[in-house]
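Colleague: I would like to learn how to read a fold feature by feature, starting from the strands and moving out to the helices and the backbone. Could you take me through one case?

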Amino acid sequence: MPEQKPTVYVIDDDPSVRDGLDSLLRSVGYEVSSFASPRDFLSHRRSDGPACLVLDVRMPDASGLDFQDELARTGNPLPIIFLTGHGDVPMSVRAMKAGATEFLLKPFREQDLLDAIRQALEKDRTRLRDEAAATDLRERFATLTTREREVMALVARGRLNKQIAAELGLSEITVKVHRGQAMRKMQAGSVADLIRMADALG
């Protein structure tokens, strides 16, 4: 399935800044959604594709840094590029420590912003791929029977077929059958693959 067009969200209370960023970003092929405040952004449905946020640090109704914290608490934070006309070192350190991709002082070079956006979108693509892989793994695990899950868990702990058989009160042949079924359903090419999958599932 082809990837959705990347979206760049812009939050800045200055309409001229929003218009300028909108023109620049659309000229290089991005979808752009602009907002005057974080509240406006939160009422908008986010894209399912890769996205990032270009965020002004100082706005009348909210601090960009506080909004960064708020987004992080949602468990689904967007990569953020901060823009500011009044930056200082403690502010930039706080933003970067909290996971910001970049902290740019106005006026900034357009290329610096585009480079930061490219990096942020790649970070979000990686997150989306990881989430899709984790969902796929959970769906495959859901197809296992209770016994296949028990066998898989013991294989992941390094038990041999003979030890699993003794622990579960089964014959070795039955354990081999369950292990084979678990590997087939999980699409594991080897026991090492199965162990890695069990670790990923926790």
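Modeller: We will go through the sheet, the helices around it, a helix pair, two backbone features and two residues of one helix, keeping in mind that this is a predicted model.

Colleague: Let us begin with the sheet; in what order do its five strands lie, and with what pairing?

Modeller: The general idea is that strands of a sheet pair through backbone hydrogen bonds, in either a parallel or an antiparallel sense. Here the five strands form an open sheet in the order S2-S1-S3-S6-S7, and the pairing is parallel. Strand S2 (31–35) and strand S7 (102–105) are the edge strands, each pairing on one side only. Direction ignored, neighbouring strands of this sheet are turned by 20 degrees against each other on average.

Colleague: Which residues stand opposite one another when I walk from S2 across to S7?

Modeller: Strand S1 (residues 7–11) pairs with S2 in the parallel sense over five bridges, and there Thr7 stands opposite Glu31 of S2. S1 is also joined to S3 by five bridges, with the two strands running parallel, and Val10 stands opposite Val54 in S3. Between S3 and S6 the parallel pairing runs over four bridges; Leu53 is opposite Ile80 of S6, and Leu55 is opposite Phe82 of S6. Finally, four bridges join S6 to S7, which again run parallel, with Thr84 standing opposite Leu105 in S7.

Colleague: Are the residues of S3 and S6 buried or exposed?

Modeller: S3 is mostly covered, since six of its six residues are buried. Taking its two faces separately, Ala51, Leu53 and Leu55 on one side and Cys52, Val54 and Asp56 on the other are all buried, so that both faces are covered. For S6, five of the five residues are buried, and the strand is therefore largely enclosed by the rest of the structure. Its faces are both covered as well, with Ile80, Phe82 and Thr84 buried on one side and Ile81 and Leu83 buried on the other.

Colleague: Which strands do the helices H4 and H5 meet?

Modeller: H4 lies across strand S6 (80–84) and S7, and runs at about 150 degrees to S7. Helix H5 (residues 110–142) packs on the sheet and touches S1, strand S3 (51–56), S6 and S7, its direction making about 135 degrees with that of S3.

Colleague: How should I describe the packing of H3 and H4, and which residues make the contact?

Modeller: In general, two packed helices are described by the angle between their axes and the distance between the axes. Helix H3 (residues 64–73) and helix H4 (residues 89–97) pack at an angle of about 15 degrees, with their axes 10 Å apart. Because angles under 35 degrees count as roughly parallel, H3 is roughly parallel to H4. The crossing of H3 past H4 is left-handed. On the H3 side the contact is made by Leu65, Asp66, Gln68 and Asp69, and on the H4 side by Met91, Arg94 and Ala95. By class, this contact has three nonpolar, one polar and three charged residues.

Colleague: Which backbone features deserve a careful look, and where are they found?

Modeller: As a general guide, most residues other than glycine have a negative phi, and most peptide bonds are trans. In this model the peptide bond from Lys106 to Pro107 is cis, with omega near -5 degrees, and Pro107 is found in the loop between S7 and H5. Gln187, a residue other than glycine, has a positive phi near 60 degrees. Gln187 lies in the loop between helix H8 (172–186) and helix H9 (191–201), and with a relative accessible area of 58% Gln187 is exposed.

Colleague: What are the surroundings of Val175 and Lys185?

Modeller: The cut-off needed here is that buried means under 20% relative accessible area. Val175 lies in helix H8 and, at 0% relative accessibility, counts as buried. Neighbours within four places in sequence aside, Val175 is in contact with Val151, Asn161, Ile164, Ala165 and Leu170. Lys185 also lies in helix H8, and its relative accessible area of 19% makes Lys185 buried. With the same kind of neighbours left aside, Lys185 is in contact with Arg140, Thr143, Leu144, Thr145 and Glu148.

Technical notes: Residues are numbered from 1 along each chain as its sequence is written. This is a predicted model: local features need pLDDT of at least 70, side-chain atom pairs count only at pLDDT 80 or more; totals for chains, interfaces and linings use all residues. Side-chain values use heavy atoms; hydrogens and water are left out. Axes are lines fitted to C-alpha atoms, for helices over the stretch in contact, and angles run from 0 to 180 degrees between N-to-C directions. Angles under 35 degrees count as roughly parallel, over 145 as roughly antiparallel, 65 to 115 as roughly perpendicular and the rest as oblique. A crossing is left-handed if the near helix is turned anticlockwise from the far one by less than a right angle, and right-handed if clockwise. Contact means heavy atoms within 4.5 Å. Ala, Val, Leu, Ile, Met, Phe, Trp, Tyr, Cys and Pro count as nonpolar, Asp, Glu, Lys and Arg as charged, and the others, Gly among them, as polar. Two strands pair if DSSP finds at least two bridges between them. Buried means under 20% relative accessible area, exposed over 50%, partly exposed in between (1.4 Å probe, protein chains only).
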